[in-house]
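Here are a few worked exercises to try with the model open beside you. Have a go at each one before reading its solution.

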Amino acid sequence: MKSMQDIERFETEAKYPTVLILGQSFNNSWGGGITLSGLFKGWPKDKLAVTSTGHLLMNATTDICSIYYQLGTDEYKWIFPFNLIQKGYRSGLLVFKKNAGSGLRKKSGARYNLVTKYFYPFLQWTGLIHCASHIEISDKFKKWLSEYNPDILYLQTSSRETVVFASELISYLKIPAVIHMMDDWPSTISFRGLFKNYWRKKIDSEFRILLSRIDIFLSISDAMSEEYFKRYKKRFIPFHNPIDLSRFSKTNNILIKSNTNYRILYIGRIGMANKNSIISFAQSISHFTNSTYTLNIDIITPDADTKASDILRKMRNVSVLPPVSHSLVPSVLIEYDFLLLPLDFNQIGLRFAQYSIPTKASEYMASGTPVIVYAPDKTAISKFFTDNECGYCITNYNRDRLINAIDVLIKNKELRKKISEKAIYIARTRFNAEKVRLDFHNMIRSCYKI
């Protein structure tokens with residue numbers, strides 16, 4: 001005989017539809033995966049499944065979802081002669097070791113470096129990246145879809161092949177679909193290279209076709225929602241990375257330190273949208289001289305083997321450190337005097353991240369450590385921190401102005417206290433996982449009537 005607790009759990013889970021997630025794994029390493037984990041936490045585990053190509057499943061975690069169908073050689077096809085170069089992945093369900101949570105595999109070696117440094121840049125410049133491969137709905141995949149029987153399709157797209165495949169999958173499954181945009185990749189997907197105008201128009205047309213088949217539209221910020229309504233005439237609802245406030249309960253005491261050695265932290269990836277700003281900020285720190293205090297910056301990143309990290313390591317007062325477990329992030333954030341949120345000032349970086357708010361922003365705010373935003377004033381992140389007075393924004397790409405701005409912040413203890421208090425308040429009211437998850441779950445469930 002079932003207990004009352006079992007009955008209540010059964011009734012609760014019965015209210016949740018089965019979701020198939022395309023294009024993003026649950027992980028603790030990338031913004032899209034962290035946000036996905038934060039939003040879907042608490043959803044019945046057996047009613048979540050991910051399908052994606054092999055390279056997007058690196059660092060996948062199984063604490064929230066353990067069903068992963070890898071789109072391998074049966075579905076993911078490369079044209080000749082690129083099929084001779086590309087490594088093939090086995091199609092089908094992945095089997096994880098018990099309590100897997102750190103990742104599937106770590107890519108490295110000569111072949112990986114050759115592919116990432118030469119092969120993909122060549123495909124991108126020639127435009128072949130948009131037609132050299134495609135994804136098919138194989139018989140094996142159809143069989144698994146029939147067995148899993150999803151009720152809702154949740155999408156994070158970022159390439160032409162995923163856009164086209166998502167449209168085909170919606171047509172095949174005939175179920176409601178949700179799209180969640182993490183950044184403005186449509187503006188940069190064909191920004192340079194041969195035939196860029198042709199591919200930009202074609203991909204834009206295919207993306208609009210996909211949007212015409214979507215039931216719920218989600219963005220990562222208010223600014224992105226506003227822009228996408230103008231651009232696509234669709235109402236995108238913003239859902240950013242939510243935070244479990246209990247993880248920060250012992251950290252947000254607004255510890256405003258007064259000393260002679262000020263430590264700045266950047267934690268996260270070094271990529272297309274922030275590389276130049278991280279380097280220029282670090283250069284300013286490395287050239288800084290002052291008779292009353294010193295500045296140091298630590299960069300904790302999984303991109304320690306990149307050219308950018310090699311450049312940073314050579315700078316004075318700059319340290320590049322290996323990544324830490326996501327569970328340790330709250331305790332790490334309070335060890336520093338300031339936290340850095342950088343976005344690039346160049347055209348391609350601005351286009352890509354103009355409407356995005358980095359995943360780490362909500363965690364930065366919840367920590368109570370003062371946040372320095374180093375980004376153009378037109379970006380969503382600068383506007384957000386300026387409008388809410390919850391961070392110190394430096395919007396000029398200039399070494400002297402940057403150092404002067406930091407000097408003002410260091411000398412004004414009351415300002416640091418003010419922005420820290422406001423940041424904690426914003427984190428608790430806007431990014432509280434308890435409320436955000438409930439809203440998110442209800443919204444996803446609303447497009448499917450059980």
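**Exercise 1.** Leaving aside its neighbours within four places in sequence, which residues is glutamine 24 in contact with?

*Solution.* Keep in mind that this is a predicted model.
- Start by finding the residue: glutamine 24 sits in the loop between strand 1 (19-22) and helix 2 (31-40).
- Next, list what touches glutamine 24 once those sequence neighbours are set aside: Trp30, Gly32, Gly33, Leu36, Val50 and Gln156.
- Finally, check its exposure. The relative accessible area of glutamine 24 is 10%, and the cut-off for buried is under 20%, so glutamine 24 counts as buried.

**Exercise 2.** Work out the order of the strands in the open sheet, then find its edges.

*Solution.*
- Eight strands make up the open sheet, with mixed pairing, and the order reads 5-3-2-1-7-8-9-10.
- Strand 5 (92-93) and strand 10 each pair on one side only, which puts them at the edges.
- Now look at what lies on the sheet: helix 16 (residues 433-446) packs there, touching strand 1, strand 7 (152-155), strand 8 (177-180), strand 9 and strand 10. The direction of helix 16 makes about 155° with that of strand 9.
- For the antiparallel part of the mix, take strand 3 (residues 68-71), which is joined to strand 5 by two bridges. Here tyrosine 69 stands opposite leucine 93.

**Exercise 3.** Which way do the side chains of strand 7 point, and are they buried or exposed? Once you have that, trace the partners of strand 7.

*Solution.*
- Split the strand by direction: Ile152 and Tyr154 point one way, Leu153 and Leu155 the other, and all are buried.
- Step across to strand 1, which pairs with strand 7 in the parallel sense over four bridges. Leucine 20 is the residue facing leucine 153 there.
- Then step to strand 8, which also runs parallel to strand 7, with three bridges joining the two. On that side, leucine 153 stands opposite alanine 177.

**Exercise 4.** Which residues of helix 7 (residues 222-232) are buried, and what covers them?

*Solution.*
- Pick out the buried positions of helix 7: Met224, Ser225, Glu227, Tyr228 and Tyr232.
- To make sense of that spacing, recall that an α-helix has 3.6 residues a turn, so residues three or four places apart point the same way.
- Now find the cover, which includes helix 6 (196-211), strand 9 (216-219) and strand 10 (237-238).
- Last, look just past the end: lysine 233 follows helix 7 and has a positive phi, near 60°.

**Exercise 5.** How do helix 14 (residues 399-411) and helix 15 (residues 413-430) pack, and what kinds of residues make the contact?

*Solution.*
- Two numbers do the job here: two packed helices are described by the angle between their axes and the distance between the axes.
- The axes of helix 14 and helix 15 come within 5 Å and cross at roughly 90°.
- An angle from 65 to 115 degrees counts as roughly perpendicular, so helix 14 and helix 15 are roughly perpendicular to each other.
- As for who meets whom, helix 14 brings Leu409, Ile410 and Lys411, while helix 15 brings Lys413, Leu415, Arg416 and Ile419.
- Sorted by type, the contact has four nonpolar residues, three charged and no polar.

**Exercise 6.** Zoom out and sum up the whole protein.

*Solution.*
- Count the elements: 16 helices and 16 strands.
- Of the 450 residues, 54% are buried.
- Among contacts between residues at least 6 apart in sequence, 75% join residues at least 24 apart.
- The protein exposes about 21,200 Å², and carbon and sulfur atoms supply 52% of that area.

Definitions and conventions
Residues numbered from 1 in each chain as written. Predicted model: local features only at pLDDT ≥ 70, side-chain atom pairs only at ≥ 80, totals over all residues. Heavy atoms only, no water. Buried < 20%, exposed > 50% of the residue type's maximum accessible area, 1.4 Å probe, protein only. Contact = heavy atoms within 4.5 Å. Pairing = 2+ DSSP bridges. Axes fitted to C-alpha atoms, helices over the stretch in contact; angles between N-to-C directions. Parallel < 35°, antiparallel > 145°, perpendicular 65-115°, else oblique. Nonpolar A, V, L, I, M, F, W, Y, C, P; charged D, E, K, R; others polar. Areas by Shrake-Rupley, 256 points an atom, 1.4 Å probe, with all protein chains shown as cover.
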